[in-house]
Each structure stands twice: as C-alpha cells, then as structure tokens.
Amino acid sequence: MDKNRTFNRVSRRDFLKLAGAGAASLAAGNLLAACAQRASGPVKLNVLVPAAPDPAPPGVAKFSEEAFAKWKTDNNVEVVYEAPPWPQLHDKMAANLAAGQYVHDIMYNCGWGPEFAGYLVDFVKDLPKELIDDLPASSFSTVTWDGKRLGVVFTLSLLTLFYNQEHLANAGITDPPKNWDELKGMAKQLTGGGRYGWVLNYGAPEGIGGVASYWMCFLQQAGGKLYGEDGMPAFNNEAGVDALQVMVDLMESTDPGSISYVGINDATNVFSAGQATMMMNWPFMWKPANDPATSKVVGKVGSALLPAGPAGTASIDGTDAYTIAKLSPNPDKARQLIEFYLDKEVQKRQVLDTGWLPIRLSVLNDPEVQAAAPNAVVILEQAKNPYDSFVTPDYNAVTTAIGSELQKALAGSESAADAIKNASDQVTEIVKKRGS
Amino acid sequence: MQQISEYNRRRIRMGIWFSAPAVIVLLTVLAYPILASWVLSFLRVYFAGQGLSFRFYGLTNYTELLTNQLFREALLRSIYFTLVEVIVVTFLALIVALLLNHPLGRHAFFRVVLLVPWALAPVANAVLWKWIYNANYGILNQALIGLGIIDRNIIWLGSPVLALNMILLADIWKAVPFIALLLLAGLQNIPSHLYKAARLDGANAWQQFQHVTLPGLKTTLIISIVLQSIWALKVFDLIYVLTKGSPADSTVLLNYLSWRVTFSNLDVGYGAAIANVLFVLMFILSLVYIRALRPRKTKEKVG
Amino acid sequence: MISYKHQLSRFFVRMGLAIFTCVALGPVIWAVVTSLLPLTALTSRPPDLNPLNMTLENYGLVLDSSRGLFSGLINSFIIATFTSAVGLVIGSMAAYALARLNMPGSSLILMMILATQMFPGIVIAIPLFLVMSRMGIVDTHFALILVYLSFTLPIVIWILKAFFESVPMELERAAAVDGAQPLQTFQHIVLPISLPPLFATGVFVFIEAWNEFFFAIILTRINVKTAPIAIAEFSGQYQTLYGQMLASAVLASIPVVFLAIIFRRFILEGFVEGAIKA
C-alpha cells in the first residue's frame, strides 16, 4: 500500500522522541534563562502597566527616555515592563496576586486599590514631603483604604464636558451649558438631521468609565453620595433619582447607539466624526480629537466644566495610580522609581509628549503646560469641586449592579425611581456580603 | 486457549501503554485545577494578602445561586443559546458538507474557504463582528439601508433580545466550518457501494439520504452535537468583546457570569459554584445524547 | 427527464456553493477592506470605500516591531505545531486503545476524558496559574503547549476513536493472522485509512492552539506573546484601532490558511482514497 511509505518515513517512535526532545529543550532553555537573570548584578524591578496610549510611564510611553536611562544607571536598576492592553490588567492582577508569589514590584491601579489592599504597601508615608505637598488630596483618596495610603495617582484625570464649537455656533449658542436645564435644552436643540446632542458609552456597567461611574457625576452634582457613614448605600433618595432622571431625559437627544457602546472609544468615534455635539470624556481625549488622522472635528473642540446640578458641578476621578506590592523584595527601590515617575520634569514631558495631564500642582500651573493642553485649565477648575469615585473593595460588583439597573431605566423599561431602589437593594446585599 | 488469553493480555497491556501518555497529560494539567474548582465552591475565598485565604462555607455558594435571579436568567439564556446554536449549526454544516461532497464541490478551493472563518482568531472575530454590528458605521446597517430593507440604523447590540441573537449569529458563523469538516469526513467514510445498492433498489436522492447517508453519519452527528453543545455553553469571547453582558445583563450567559464573578468581583468560591453547575449541565447533556443514540452493536474482538 | 432533474440539482448545488462562499468569505473580505482604509473613511456615512483612499499604513504600523506581531506569529507557530503533532500522536494512540484494545473500564475512561472538556476553562485559570507559577513555567512555550494539549486531547481521542471503530474488522483480523502486533496493525493498517479524520483533528488542534486567547493572557507575560495577544494589543481602554487590529488579524490568519493550502493535497487525497476504498 502506497500510503504506508509516507508514514513509515517518520516512524511514530522517532516522532515521539523528537517531540519529547523539543519540549524538554524548550523547558530547559527557559529555565536556564531564568537562572541567568537571577545571577546578574543590578536590582531588577518588574512593573505592570497598561500599554500606550493608556496612561503609561517612560519606557512604555515615549517620553523622558534620556532621563529614564540616566535614572536607571544612577540607581543601578533594571526595569522590566509588562504592558498588556488596559482591559487585561485586572484579570492578570487577580491571577498573579491569588498565586501568592512575587511577580511585580510596581502595579498600575485604576480603582482597584481598596480591592487589593491586602497586597499593597502603604509607601506614601515614606515619600518626600515636598512631593506630597505638591499633590492634591485626590492623589491619595481613591487609593486609601482602612486609613492607609497605598498608592499615588499620577495623572489628573477628571471627566469634563467636551463639545463641538462649530455645532454650537451654528445653532446660535455662544457658551456651553452651565446647568442641567441648559444641557437638556441645548442637546435637544442640537439634535436633528442625523446628528445628536449627546453621546456616551452606556454599554458597559462596571468600573471607572462605565455607566455607573457616569451617573456618579450627576449624583454628586445633585449633592448626593454613594455611601453613608456606615458604609451602606445612601443614594436611594431624591439626589440619586434626579441624577438618573437627567440621563433619562437626555435620551431623546442621545445617539441611540450609546446603549451599545461598550468602550468610550466608540462614543469618541461618533463625536470625532462630527455626529454628536457633546459628551463627557477624560482629558486624554483632547489629543485624538485634534488629530487629523482620526478626527474630522480638528480645531473645533471645546472643553468646559460639567453642567451643574442643584449642588453645583462635580465629576469623578480616573484614579490612575501606581502601587507597590507587599511581596516585592525591593520596596524602597520601587518607591524611588515612583518618585522618578512623579519628578517635575518627567511629569511635564508626560503631558507635553503623551497628552496625560500631570498630577503635581506646580506642573499644572506651569504656563507652558497650560499652553500645550488648553483643557488643563478646565480640569483644574473642575478639581475645585467634588470628584469622588467612591472606590471600595467591591467597586466592580457594586458598579455592575448599579449599572445594570441604570441601563434598564435608560432603555425605558424601568422608571428611574424603581431602578435606583433596585440598585440600592443590590448594593446593600453586596456590602453585607463583604462583611461576612 | 492459553495463546488466545496471552494475546488478549498483551493487547490489554498494549492498550494501557497506548493510552498512558494522553491520560498522564490530562491528569497532570487538569486534575488539580478541576478538583480545586470543586473544593473552592464550598469555601468563601478572600483576597486578603499572601495569596488566597479561605473559610469553610458549606453549601452557601450553591444556595446563593439557586436564589439569585441573575443566575436563573443566565441559565435559561444559556440553554436557549445552546439549543438554537446546535440545531442551526448542525443543519447548516450538514448542508455545507453535502455541497462539498458533491462532485461540483470537490475542489480544494472550497475546503480552503471553509477554513477561513475558522482560522480567524476569536478575539479578531469578535472585534470584526462588533465592527459589523456597529450602530453607526457597521456594514450591516449600511448594507441594509443601502438595499432599502430598513430605513434607519438598528442598534443591533442595544436591545436585550436582539443583542443575544446577534451574538448567536456570530458564533454560528464561526462554528459551522469545523462541524462541516467533521461531517464531510464522515460522509467520505460511507462506503459508496451502499449508495449503489440503494440506487439499484430504486431509491431516489431523498430516500438515499434518509436510509444511507443519515445512518452512516450517526456517530459523527452525535459527536458533532455533543461537542457543539459543550462549546455553545462555554461561549465567552464574543460576550466579552461585543457587549460585556449588556444591555442590562441580558447577554450574560453562564460561563461569562462565572468569569465576571471570579475575576471581576473576586468572589472565587461563588464563581467556582457557577462553573460546577455548568459542568454538571454539560455532563448530563452528553450522557443523555450518548445514551439515547448509542449504536446497538456490541464490540467485536479480534482473534 | 433524468438530465433535467440532473441539471436542476446541479443548479441548486452551484447556488449553494456560491452562497456558502459569500457567507464564509464576506465578513473576512470586509475585515481586509477595513484594514486597508483609514478610520476617517470608515466613519463617514456611507463609508468612503473609494479605492483611492486605500493605504497600507495600518499594515505598516502593525508590522512595526514594537507591537510584537512577528514574534507573536513565531510563538504561535511553535506552540500550535507542537501541540498538534504531539496531540495527534498520543491522541490517536489513546483512541486506538479505547477503540480496539479491550481496555478495562474503557467507557469510563472515555467519559472522564470527555468530562475534562466540559469544564468551563475560565474558572480553572486561577488554580492552573498557581500550579504553573509554583513550577516556574509561567511565560514559557512549554506551559502553553501542555495546557492546549489538555484542552484538545479529549476531542482528538473522541473523534478518532469513532473512526477507528468504523474501520472494518476484516483488515485488522487479516493483519493479526499474518502475525502483526497491535502496534504494527495500528501503524500500517489503521492509520493510513484514517487520514481524513486525522487531518481534520490535526488542523483542529492547530487552529485551537493558534487562536486560544484567555489562557494565553493569564499564563504569559513578556516572552511568549502569541498571535491573538498581539492582535488584542490594539484594543485598549481609550482606543480601539479597528484598522490596525483587523490588519493584524488578517496577517495572523494567513499562516493557517496557507497551511490549509499546502496540505490540501493530503486532505483531498485522503478523501478520494476514502471514497475508493470500499
């Protein structure tokens, strides 16, 4: 039989041997490499951060390369970055930390500080005083748990209003909306002819940048809070319902696709194509919105404070922070690396080269920075008002529960009052479970 | 007599040697994690620092999911999803296999075409469909409006029922190639003399299909249905990329719920309980299929 | 009359094949078109499909080495090839044992093997990561090959067992009478006849190992980026670069399609042989 010859040429046993040898050599090679690394001289720091264009430090994002190289030589440190795309970070951290072994020294954190509090070092107390004084209080509030400051926010990232100046001018409006009524009115006025007054990503319920976090802006604008002194939900009241009601009222002027936009980039695409007039977004948006390669509204973008509710304007914090792992063998060197990331020059290059605003007040007030990032002034102004992200260890579970109810109300299948009540009940369950 | 039993013993020993490598791989990699998953479901797991901490929790995780409305809805949705997907995929894959088995379809070109949807990485596939379904710029809306079938954009992923079915559609598109390939291989294995005999008996094409093709494909069909059910129950990538469970948790299926609870909420015990329920579901399903359609003939022995 | 029916059925078959080709290739062609256009062209209504706008800039950006697509392709190739080869070898052996070699408790073993497939992978990720982490093989090819083998072996075994059972007993009896050991029977008689399912499962394992995503994320860090991970790099929190992502997806899918084209003779021959055999 002809076919036998093809098969006989490589007999099965030979193949097995080959495969075994191949696998063994791969494994051996990997082990050898690992051993070699352990033997060498400089201190090695493993750092987990998101890949650019999400907020990332020098070495991942392209800025301050020389300064970084100099710092590494001066301190005899080798920095190894692991930089997965942002959405993968939380899963990786959960798996790494659950394994209980040293993996990373420094980890980027975005609202997960309290959640992973047991694994993080409260290194802030060892930071130099002049650095701490130069940072706004929010730098720490979202990474503080149980009285311990576990990390430091490194970019001032608050939601503000972005609007299309041309659309407003064409409708005879001179200034962006200053309060809820103006917001609803203008959005309605600007809707029509295939364009919408408002667009946002209501598609993802959880986390910072999910629909629940957007509602928290309106909640604070109505003078409300997420939790009471006892840690139990305190938003099942007029403030909570009114906040949701604004979003519901806006739906008639909102891009209907909003309910299906999972990531903020989907909403940004609509805005940048000139098909929506207003949206809430993070400061980073300024760059791509003015980039001719991706945007049709270059030069027409304006930034303003979020419209005020009964209690004034308010926003939420993006909470991008650096934290240090307890299992790190070199927590002091790690802290020094974070100090480098927060160095004045590095922070300045951060905004000038990558578009992520600095956190240091002195750098924010630098005229060069304010010239390069016009929306920095707006952010600073917004920062004078509340911007609590209400981060707790159950942040994901809580925002998922609230977010689902909000989506039902936005889709019109539930009243705002019912949605808030259901959300409050579910959050109560979650908070109670945490204690058990 | 002695010779026969020695031959049999040798065969059994051969059998053990033959299957040992596969069993060893499976045991070493999966035994601990699967056992761990079962054990975890009876514990309350904390992320408290220094790895994981545990507390015995009895059946609380299970009673929790029995009383949880979201779990019940996810379960029903998973069942619906699986049922529809298995029926549609098997049907379509059979047609494709028959087409490719026809003299006109024997060209290698069609086999390559078959592999293309399959070759696309799931993450890319998910993003592609997200792009196709995009309310404003997706090609689906543009094409339908261009053809005059609809007059305004449909938010494919924006309404609960529609979103679930669009995910179903994307998964069906990706799943048909492998099942079709399997069925095609099965079709090739049906001896052609059976068809000749049927034709001599005066059977037309439909009767040949009924009495020669389908019985000949029985085992392959069972395998396809069982595998497809298991994969449909495990769907994850599409939900993760397309909707993240939205709108309002209407596209949350069991496997996705298990992931969300485990990785997003860090409630590992509860997530393990959900996964175990899913496992039991698949197990029972497979048993039912296999038992109900088991070929009646007994195994023959050589020699 | 016969020829009319014949022509009609040929027409339907042609239609069926045409529809099949369009449906199978349609989305993929759209992926290629998207990868060749800048985002501004795609966000116009209707999309600006003017061929003059077509650009290879997405491909250029994607092949920029910092994105790791090249190394991703190589890693995926190594992992997929090993998984497929080893999987077919030990899988077919186990399948034969269960089909023919009167193993005690073989149906129980088969059920257990299949049961491992039924476990939703996501939940075992944490314990699995724990084990691999303690073993120190996280971020190695070996770890992924091992994991993918465990995912695909059950299916390989199950499918091949069914086919081996359908091999006519006379052939094996004849070989036994001639004095062949079970190993030789397997190697020289059964395997050559089973080329179609062997190739089907071989291709299956290759594709599954190539495309697997979730465990690749959890079990790798820097050194062993696979192709799907490289593709996913374009989907961040603030930006999904559709054009580049689909460009990398197209590039990453080419090797598999290429392999299919190379092996089409084997696949085709196997089918033809299967038809003639009886």
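Me: In this predicted model, does C:Cys22 count as buried or exposed?

Reply: The reading rests on relative accessible area, and a residue counts as exposed when that value is over 50%. C:Cys22 has a relative accessible area of 55%, and so it is exposed.

Me: How does A:Cys110 read on that scale, buried or exposed?

Reply: The cut-off for a buried residue is under 20%. A:Cys110 has a relative accessibility of 4% and therefore counts as buried.

Me: How many disulfides are found over all chains?

Reply: Such a pair requires two cysteine sulfur atoms within 2.5 Å. A search of the whole structure, covering all chains, returns zero disulfides.

Me: Why is A:Cys110 without such a bond?

Reply: The closest cysteine sulfur to that of A:Cys110 belongs to A:Cys217, and because the two are 14 Å apart, they are too far for a bond.

Me: What should be read first for chain A as a whole, beginning with its helices and strands?

Reply: One begins with the inventory of secondary structure and then turns to extent and burial. Chain A contains 19 helices and 11 strands. Its C-alpha trace spans about 75 × 70 × 55 Å along the principal axes. Of the 436 residues in chain A, 60% are buried.

Me: What share of the contacts in chain A joins residues 24 or more positions apart?

Reply: The share is taken among contacts with a separation of 6 or more, and in chain A it comes to 74%.

Me: Where in chain A is A:Gln221 placed, and what does its side chain contact?

Reply: A single residue is read by its element, its accessibility and its partners. A:Gln221 belongs to helix α9, which covers residues 211-221 of chain A. At 2% relative accessibility, A:Gln221 counts as buried. Its side chain makes a polar contact with the side chain of A:Trp180, at 2.9 Å. Beyond neighbours within four places in sequence, the residues in contact with A:Gln221 include A:Trp180, A:Leu306, A:Pro307 and A:Gly309. A:Thr313 and A:Ala314 are also among them.

Me: Which residues are in contact with A:Asp353, leaving aside its neighbours within four places in sequence?

Reply: They are A:Lys62, A:Phe63 and A:Lys287. A:Asp353 itself is in helix α14, residues 344-354 of chain A. With a relative accessible area of 30%, A:Asp353 is partly exposed. For a sense of distance, A:Asp353 and A:Ala212 are 141 residues apart along the chain, and their C-alpha atoms are separated by 31 Å.

Me: How is a loop residue such as B:Ser250 to be read, and between which helices does it lie?

Reply: The approach is the one used above. B:Ser250 lies in the loop joining α11 (237-242) and α12 (254-264) of chain B. Its relative accessibility of 8% means that B:Ser250 counts as buried. Apart from neighbours within four places in sequence, B:Ser250 is in contact with B:Arg77, B:Pro160, B:Leu164 and B:Gly245.

Me: How many residues of chain C and of chain B are in contact?

Reply: An interface is read by its residues, its buried area and the chemistry across it. Here 105 residues of chain C are in contact with 101 residues of chain B. The two chains bury about 9500 Å² between them, with 79% of that area on carbon and sulfur atoms. The side of chain C that touches chain B comprises 80 nonpolar, 16 polar and nine charged residues.

Me: How many salt bridges and polar pairs lie between chain C and chain B?

Reply: The count of salt bridges between chain C and chain B is zero. Five residue pairs are in polar contact between these chains, with both residues at pLDDT 80 or more.

Technical notes. Residues are numbered from 1 along each chain as its sequence is written. Chains are lettered from A and ligands numbered from 1 in the order in which they are written. Side-chain values use heavy atoms; hydrogens and water are left out. Contact means heavy atoms within 4.5 Å. Buried area is the accessible area (1.4 Å probe) that two parts lose on being put together, summed over both. A salt bridge is a side-chain nitrogen of Lys or Arg within 4 Å of a carboxyl oxygen of Asp or Glu. A polar contact is a pair of N or O atoms within 3.5 Å; within protein, one must be able to donate a hydrogen and the other to accept it, and residues adjacent in sequence count only if both atoms are side-chain atoms. Ala, Val, Leu, Ile, Met, Phe, Trp, Tyr, Cys and Pro count as nonpolar, Asp, Glu, Lys and Arg as charged, and the others, Gly among them, as polar. Buried means under 20% relative accessible area, exposed over 50%, partly exposed in between (1.4 Å probe, protein chains only). Helices (H or I, at least four residues) and strands (E, at least two) are DSSP runs, numbered from the N terminus.
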